[in-house]
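Colleague: I've got a few "how do you know that" questions about this model. Could you walk me through the labels?

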Amino acid sequence: MDSGDAGHERSSGQKSHQTCNIPVECLSRFRHKANDDLELRIDGDVICPTLVLSVHSETSTTVRLRSVVARTASSSDVCVVCVGSVTTPEHFTDENVICLPISLEELQIAHRNAMDLLPFKISVGSGYLLIWVIILHSHFPFSTGCLQHERSYLLDFKAGLNLSSGRLSSWRGLNCCEWEGVACDYHTSHVVRLDLSNDPWGSDWYKQQLSGELRPSLFNLQHLQHLDLSGNSFSGLSIPPQLSQLERLTFLRLSDAGFLGQVPLELGNMSSLRHLDISNNYDYHKISDSMWQVQELKSGNIPDLSNLTHLSHLHIGENSFPVQLPSWFENVSSLVSLDLRDCDLQGSIPSNFMARSRLSILVLDYNYDLTGNLSFMLSHSSSLVMLYLSECNLTGVFPTSIANFSKLMTMDLASNNFEGSIPSSFCSLTSLRHLHLNHNQLSGQIPPSLCELPELSNLVLGHNQFSGTIPDCLSKLSSLEMLSLHSSGLRGNISLQLFENLTRLSQLDLSENQFFIDISTSWVPQFAHLEILELRSCSIEGNFPAFLSQQYQLSLLDLSDNNIVGNLPSWLWDLPYLDMLNLSNNNLEGSLPFKISLTFHTIDLHGNRLYGSLPALDFVSYGLDLSNNGFNGSIPTTIGIIYTLSLSGNNLTGEIPSSICNNSDYYYYRVLDLSKNKLTGMIPSNIGRCSEMKILKLAQNVLQGEIPKELGNLQSLRTLNLNGNRLQGIIPPSIANCTDLQIFDLGNNNFEGSIPVWIEKLTDLRILSLASNKFDGRIPPQLFRLQYLQILDLPDNQLSGNIPSDVSKLSALVNNSQSFYLQYSSYEYSGSSLDTDYGINFADEVTVWIKGRITPYSKIIGQDKFMDLSHNNLSGNIPLELGLLRGLISLNISKNNLSGVIPESLGALTDLESLDLSENNFSREIPIQLLNLTFLAVLNLSNNMLSGLIPQGKQFSTFGVSSFLGNPNLHGPPLENKTQSLGFGRQYDYKELNNTTTESADTNVMDRWWAVGVGLSYGLGFATVITVLCFHMKWRYICFFYMDNFIYDLFE
């Protein structure tokens, strides 16, 4: 008899075997993993993962069986250890499963202690299998209850906690070993495990949080081996140094628990620790109703843990340790997993970092100031399985020795500064499943060696500088689930049929390359799992791709910035999981269905040729953008909760519905853009109820009345644009409450009164436009205390008095480097999927007069800084302090009553591109210092009282006569005589005319040919325009759309 038989005989005397059916509903504690294994989770911890047993058959056939642990239906504290050839719960039968009952407490003890292995035989065909099964001896001693003094410690610890939702309600009675989260040693009855963790991803996570204090009684549990307080809210508390008194502690998890302050050095004395997790400790501290401050776990240094010789898992990420990687890491050889993500680490990664360890998992991503290269990997063993270094500041090229890491399964080096090409040695990484190299500076072609990675499922190479096209061999990656080549520099004609063999593909992003993607109308792909498809700006032409009607798993579709024509298909709205749709900037026509599915998160259809009435808007959505189409009619009276709503650039009429923000649910509104329509009536005061509103744009309508004072309740408002209406009255003082306001545009209305002094309370203001109104009085000095103000636009009003010398306090205009770009995204989609942020983005736009023309501010935002005080009644001299605004790009103070000399200090405005001082009373010479303005493209000094010689050279040689007309005493090029300086144009004397009579005939001939040429040019140009409008539908639509608006406004 072999040893297996002997073992079986011994076991049969100790434990009788039984078979049982286990219903599927009894397996609620199971969690499927990616490879279809099963595992039992007790209170969030994996107690007994699925085991693949070593099995040998007498018929020499190797069979892989799985042991499974399940919970029975009859008792809440009894589990079953089952052995058999099953892989899912549905396969349990009496014939192929042997089940042994075991209590949950026994299973927990078995998880901590050595377990016995007993052999069993199971008949398989003509042979039998010898299987080693995990069981527990029936003679284990069972305790009658916990020790009473430890029960008292636990009750005192509970008294210091703030409890909610019935947590710890089981903490009563004499036997504390039966309490929630408590486990005892069955030999000694000591409390050895305290698990009060709270799953931060649970639906009721917030309600289940524990808070309060950690009383010293906790540290009297001297036999405690496992302590888990993660996912709770101990806000304001520091990690107690008394934890070091728990000398037997091997597992300590305090992550996501809100601890603040410094990490105690005493943790370095807990020599038994094997697992330490203090990651992700931060707390949102409320400063005001709309402002929160993030407080983190911080320390001057990462505490020295080199004495923890048994430490295998160290997770301290997502805290703040703004230091270099400590040298003591070199002495820790026991570490298997190290997580230092998002710790504000600085300096370079040492070349011998963790060289002595058996590290399998290294996580250093999101340390933006961490520098160095991949040379530290050269000193590592080949044990590395997962490497996360994204969002650092690493440089250099990939070493060819990277091929030595054959066990590597995940490599994430995204968002660094790596250069060069991908080495062909990557083909040796045969275990690689996830490769993320996006957002670097990689070049060359995508190597065919990547096609030799049989396990590769995620390939993300976007935002690089590759050349060539997509290699055909990528179609051989049968395991590929995600492919992102977004903005990677590739080009060529691509057919989606290249990917038809990738039947597991769920996410594909080819956006923003120089591709010409051909989608055959008859092609039916085999994509059964496609969830995300992004083909933005891929030169797709023709009708809407028909194959998408069969992609029932599709959740995100982006075909924007192409040339797709025809009607928007009706089946698009029937795709069951589609919730993010971007078809903007195409040539799609037709109308929208009256009802849109309630499941959509974002819909972006702007920049098409859609028409008809708006659909019902009574749904919940993160974003809806229907701007720049041809929708007409009125806005529906019932509007759902839409975080971002843009209907601008249509033909909408009627009034703004008073139902907007009419109940508490509208608290969630973020962006409302109804500009560039034909809306009438008054601004509804109910908008003031949308307290979280960020952007409100009602510009270029026909709105009347005053600004409702309720808008002052929008304390989170960043942009208020009411330009181009017929509004009147004064600016309500309640607007002073909008302290987050950055863009404030009331231009082209009929507002009156003085500029309010309370405007200084808008301390974050970047743009102020009050142009073309009826404001009067002086410019208040308080206006110049707005240190972030970049654009001051006050022309065409009735302002008087001097330009205040406080103008030099405009810090943003003094600084010629600092600028900003204001953008608000309604919803950002960025999961583990593609390297993209998906949402509806709004770049704010303000129409201003700059360089002699009207310019939409969205085209200059973040670049230009200017000041326009023209067409007012300002008087006095130009203050010398104006020359300190070195950040100015444009300065216009024309059409005022300013006098005196042009100050030499203006020559210090070296970034100036446009300067207009015309139609004032400036006298004396043009200062020679203006020659320093080497970027000056537009200069207008006309209609003043300037005298003397015009400075010569540099930019002044590029200006024509019109820049200097109307200055009687000014002379020198480009002015040729006195009549020009008076502004009468060019005059010829009679001698000159007599001397040119012999040339007159030739001149007349040339004039006739010139006239003929001009006529032909105009005719040819007109014919070209007509031809283009006949054959290009989009341009024809745009032309007639604007002509219609012009005629409507002209005769209204």
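**Labels and their reasons**

Modeller: Sure. The protein chain has eight helices and 72 strands, and bear in mind that this is a predicted model. Of its 1052 residues, 51% count as buried. Among contacts with a separation of 6 or more, 52% come from residues 24 or more positions apart.

Colleague: Take helix H3. How do you know that its span agrees with the expected one?

Modeller: Helix H3 covers residues 148-159, twelve residues, and at 1.5 Å a residue it should span 16 Å. The C-alpha atoms at its ends are 17 Å apart, so the two values agree.

Colleague: Which residues of H3 are buried?

Modeller: Glu 150, Arg 151, Leu 154 and Phe 157. The cut-off for that word is under 20% relative accessible area.

Colleague: And what makes them line one face of the helix?

Modeller: Look down the axis of H3: the buried residues fall within an arc of 120°, so they line one face. As a general rule, an α-helix has 3.6 residues a turn, so residues three or four places apart point the same way.

Colleague: What do the buried residues of H3 pack against?

Modeller: Three strands: S11 (161-162), S12 (182-184) and S13 (191-195).

Colleague: On to the sheet of six strands. Why is it called open?

Modeller: The order is S38-S40-S42-S44-S46-S48, with parallel pairing. Strand S38 (541-542) and strand S48 (651-652) are at the edges with a single partner strand each, so one side of each has no neighbour in the sheet.

Colleague: What makes S42 and S44 a pair?

Modeller: Pairing takes at least two bridges, and two bridges join S42 (residues 587-590) to S44 (residues 609-613), so they pair. These strands run parallel, and Glu 589 is opposite Arg 609 in S44.

Colleague: How many bridges join S55 to S57, and how many join S57 to S59?

Modeller: Three bridges join S55 (residues 750-754) to S57 (residues 774-778), running parallel, with Gly 753 opposite Phe 775 in S57. S57 is also joined by three bridges to S59 (residues 798-801), again parallel, and there Gly 777 stands opposite Leu 799 in S59.

Colleague: What makes Arg 766 count as lying over the face of Tyr 788?

Modeller: Arg 766 is at 4.9 Å from the ring centre of Tyr 788. The distance cut-off is within 6 Å, so that part of the test is met.

Colleague: And which residues form an aromatic cluster?

Modeller: Trp 328, Phe 329 and Phe 353 form one. The count of aromatic pairs comes to eleven.

Colleague: Now the backbone. What is notable about phi of Ser 537 and His 871?

Modeller: Phi is positive in both, about 55° for Ser 537 and near 55° for His 871, and neither residue is a glycine. Most residues other than glycine have a negative phi. Ser 537 sits in the loop between S37 (532-534) and S38, while His 871 is in the loop between S64 (866-868) and S65 (873-876).

Colleague: Why are Ser 537 and His 871 called partly exposed?

Modeller: That class lies between 20% and 50% relative accessible area. Ser 537 has 30%, so it fits, and His 871, with 39%, fits too.

Colleague: Last one: where is the cis peptide bond?

Modeller: It runs from Pro 973 to Pro 974, with omega near 10°. Pro 974 is in the loop between S72 (969-971) and helix H5 (978-982).

Note on methods. Residues are numbered from 1 along each chain as its sequence is written. This is a predicted model: local features need pLDDT of at least 70, side-chain atom pairs count only at pLDDT 80 or more; totals for chains, interfaces and linings use all residues. Side-chain values use heavy atoms; hydrogens and water are left out. Rings of Phe, Tyr and Trp (its six-membered ring) pair if their centres lie within 6.5 Å; planes under 30 degrees apart count as stacked, over 60 as edge-to-face and the rest as tilted. A charge sits over a ring if NZ of Lys or CZ of Arg is within 6 Å of the ring centre and within 35 degrees of the ring normal. Helices (H or I, at least four residues) and strands (E, at least two) are DSSP runs, numbered from the N terminus. The expected span of a helix is 1.5 Å times one less than its number of residues. Buried means under 20% relative accessible area, exposed over 50%, partly exposed in between (1.4 Å probe, protein chains only). The arc is that of the directions from the helix axis to the C-beta atoms. Contact means heavy atoms within 4.5 Å.
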